[in-house]
Amino acid sequence: MNRLNSLKEELGYEVELRREGKALFYSPKIPDRRDFAPTDLPVFFNPVSKPNRDATILLLASKFGESKIRICDALAGTGVRSIRIALETDVAEEITANDISPRACKLMEINIRLNGVENLVKVENLDANELLARHDPGKPKYGYIDIDPAGSPAPFLENAFRACRRGGVLSATATDMPALAGAKPESCMRKYDAKPLRTPFSKEIALRILAGFMVRAAARLNLAAKPIYAFSKDHYVKVFVEVERGKKPANELMKKTGWISYCPSCLKIYAVERFRQPITICEGCGNRIDYAGPAWIGPLNDVDLASKILSRAIKMQELYRETIKLVNALAREDHSLLGYFPINYLARILKSPPIKPITLIEKLRELGYRASITHVDPSGIKTDASLEGIRLAFEEAKPNI
């Protein structure tokens, strides 16, 4: 308790000692009230975002193995992500933990010393864009950059791509879900130059808008940013892209951005390349329909990488217990299928009692359709079946009375 009191005097605010993964660290004391917001703290920290940090560490260890890379945690807050990368992987040559807040930097220094990782983690007190834009000729670029702001990552992405090396990975987290998921379309257009759409699978569209924006932001710099791992959880979406150089690969990835249209009458989902017109008349029922985009319309996850991440999480489940359910679902999901439908949504349309998602998936597969779970919604299914196919699967799945 004496240490907490002395830190309160030194820092000017109350702190508490926390453990996350292998890291022991101080964070601002979290208020015990429902309306608490991480942005209200003297130094930003969100305890419920542990799976976000877990995913970063699992991906780095699974993708880079023991290769040494330079890492940039551009908006580091308490520094816990950087510290955990140093403690839980063997990939770091050096880690830059940056924050524009002097308070955050002071707390990071304390946490870095507490964990004994001063040899790997260095603190910078700069605007993230200024840090990412600072590259002297011949200075090696970063092999991994993490952009995790409160709100939209859009203002930081161009400089982040400039700072990312060939074969490196850049990840972006977006917490502005009302914009990306369609509640605030003007905000989405302003930040991401994309039109959102309210659908049963709006959170997946949010993921695809962010991924598409990253692909387009990189392409302007003659860089190819290929999505390799992406997920939606709680209040945010997160996309990891692998960065390569060249106009040709950038152009190829641009072909996988486009328009997503949805017909609420017959449940048909359309995806067309950006250089074509979005579909606004349903080819199945003739109804006028709406669209979202430009968005990424290709697979969001690399299947082999998702499998490696799951294997590592299971082997080290004492560290990643809260995240195993997420990475397991990502490894089992059919990422070539676009969109998903919650079971209750389907039951309401079909005027039928709900059934278990796994039961419907099995019935659809028996009927010759592709079907899988979705990590976004435990009650949802992904499928290429028509409405009539789904109706038949519902009928066959009903218990005999």
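Buried here means under 20% relative accessible area. By that cut-off, 8 of the 9 residues of helix H3 are buried, so the helix is largely enclosed by the rest of the structure. The model is a predicted one, and H3 is where this tour starts.

**Stop 1: helix H3**

Select residues 80-88, which make up H3. The buried residues of the helix are Val80, Arg81, Ser82, Ile83, Arg84, Ile85, Ala86 and Glu88. Now show the strands as well: H3 lies across S3, S4, S5, S6 and S9. Its direction relative to S4 is about 170°.

**Stop 2: Thr89**

Move on to Thr89, in the loop that links H3 to strand S4 (92-98). Is Thr89 buried or exposed? Its relative accessible area is 7%, and the cut-off for buried is under 20%, so Thr89 counts as buried.

Display its side chain and look for polar atoms. One polar side-chain atom of Thr89 lies 2.8 Å from the backbone oxygen of Ile85. On the other side of Thr89 in sequence, the backbone nitrogen of Val91 is 3.4 Å from a polar atom of the Thr89 side chain. Leaving out residues up to four places away in sequence, Thr89 touches Ile57, Ala61 and Arg84.

**Stop 3: the sheet of 7 strands**

Colour the strands by number and follow the order S5-S4-S3-S6-S7-S9-S8. This is an open sheet with mixed pairing. Strand S5 (121-124) and strand S8 (223-233) are at the edges with a single partner strand each, so one side of each has no neighbour in the sheet. From one strand to the next, the twist averages 15°.

Within this sheet, select strand S3, residues 69-73. How many of its residues are buried? The count is 5 of the 5, so S3 is largely enclosed by the rest of the structure. In a regular strand the side chains alternate between the two faces of the sheet. In S3, Ile69, Ile71 and Asp73 are on one side, and Arg70 and Cys72 are on the other. Both faces are covered, and the residues on each are buried.

Add S4 to the selection. S3 and S4 are paired in the parallel sense, over 5 bridges. To find one of the positions in register, pick Cys72: its bridge partner in S4 is Thr96.

Then go across the sheet to strand S7 (residues 164-174) and strand S9 (residues 236-245). These two run antiparallel and are joined by 6 bridges. Val169 has Glu242 in S9 as its bridge partner.

**Stop 4: helices H2 and H11**

Select residues 50-64 for H2 and 303-315 for H11. Their axes come within 9 Å and cross at roughly 115°. Angles of 65 to 115 degrees count as roughly perpendicular, and H2 and H11 are therefore placed in that class. The crossing is right-handed. On the H2 side the contact involves Leu58, Leu59, Ala61, Ser62 and Lys63, and on the H11 side Leu305, Lys308, Ile309, Arg312 and Ala313. Ala61 also appeared at the second stop, among the residues that Thr89 touches.

**Stop 5: helices H1 and H4**

Next, show H1 (residues 2-11) with H4 (residues 102-115). The axes come within 11 Å, and the crossing angle is roughly 150°. That makes the two helices roughly antiparallel. H1 and H4 cross in the right-handed sense. Arg3, Leu7, Glu10 and Leu11 of H1 meet Lys106, Leu107 and Ile110 of H4.

**Stop 6: helices H15 and H16**

Go to residues 357-366 (H15) and 387-397 (H16). What is the angle at which they pack? The angle is about 115°, with the axes 9 Å apart. H15 and H16 are therefore roughly perpendicular. H15 contributes Thr359, Leu360, Lys363 and Leu364 to the contact, and H16 contributes Gly389, Ile390, Ala393, Phe394, Glu396 and Ala397. This crossing is right-handed.

**Stop 7: the sheet of 3 strands**

End at the open sheet with the order S13-S15-S14, in which the pairing is antiparallel. Strand S13 (341-342) and strand S14 (371-373) are the edge strands, each paired on one side only. Select S13 together with S15, residues 380-383. These two are antiparallel and joined by 2 bridges. Phe341 stands opposite Ile381 in S15.

Methods
Residues numbered from 1 in each chain as written. Predicted model: local features only at pLDDT ≥ 70, side-chain atom pairs only at ≥ 80, totals over all residues. Heavy atoms only, no water. Pairing = 2+ DSSP bridges. Helix = DSSP H or I, 4+ residues; strand = E, 2+ residues; numbered from the N terminus. Buried < 20%, exposed > 50% of the residue type's maximum accessible area, 1.4 Å probe, protein only. Polar contact = N/O pair within 3.5 Å; in protein donor to acceptor, adjacent residues only side chain to side chain. Contact = heavy atoms within 4.5 Å. Axes fitted to C-alpha atoms, helices over the stretch in contact; angles between N-to-C directions. Parallel < 35°, antiparallel > 145°, perpendicular 65-115°, else oblique. Left-handed = near helix turned anticlockwise from the far one by under 90°.
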